[in-house]
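Visitor: Could you walk me through one part of this model up close? I'd like to hear about the charged pairs.

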Amino acid sequence: VEAMVKAANRELPRKAERPLWLRMEHNKVQNTENLARDIEKHYPAVCAREDRARCTPRVCAMGKRIHLPFLIEAPKGKGRGRFPDRQNHDGKGH
């Protein structure tokens, strides 16, 4: 997660028109809230997006360039990826 943030911080234009919406919440990370807080401390361009009403994909209420929109929220499931538990349509593994 931090490597992606570091790369985005380095490569994004300083005057980005809208924040990068960096979805990292489905990575295997323990204590996501502490991670998000640490990243915000080390990278001033990062917003953990606590104000969901004012921080949107188009604008950051804090004026930041990178959003980690759902990282501080507790993971709620396994997501809806293409390969859930490596099962195909008949329920057998690959």
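Visitor: Which residue forms a salt bridge with Asp51, and how far apart are the closest N and O atoms?

Guide: Sure, with a caveat up front: this is a predicted model, where local features need pLDDT of at least 70, side-chain atom pairs count only at pLDDT 80 or more, and totals for chains, interfaces and linings use all residues. Residues are numbered from 1 along each chain as its sequence is written, and side-chain values use heavy atoms, with hydrogens and water left out.

The partner of Asp51 is Arg54, with the closest N and O atoms 3.4 Å apart. A salt bridge here is a side-chain nitrogen of Lys or Arg within 4 Å of a carboxyl oxygen of Asp or Glu. Asp51 itself is partly exposed, at 30% relative accessible area; that label sits between buried (under 20%) and exposed (over 50%), using a 1.4 Å probe and protein chains only.

By this rule the count comes to six salt bridges. Glu50 pairs with Arg37 at 2.6 Å, N to O. Glu50 lies in the loop between strand S2 (46-47) and strand S3 (66-67) while Arg37 is in helix H2, so the pair ties together parts 13 residues apart in sequence. Helices (H or I, at least four residues) and strands (E, at least two) are DSSP runs, numbered from the N terminus. Arg37 is partly exposed, with 23% relative accessible area. Glu33, Arg37, Glu40 and Glu50 are linked in a network of salt bridges.

Then there's Glu25 with Arg23, whose side chains meet at 2.3 Å, N to O. Glu25 counts as buried at 11% relative accessibility, whereas Arg23 is partly exposed at 46%.
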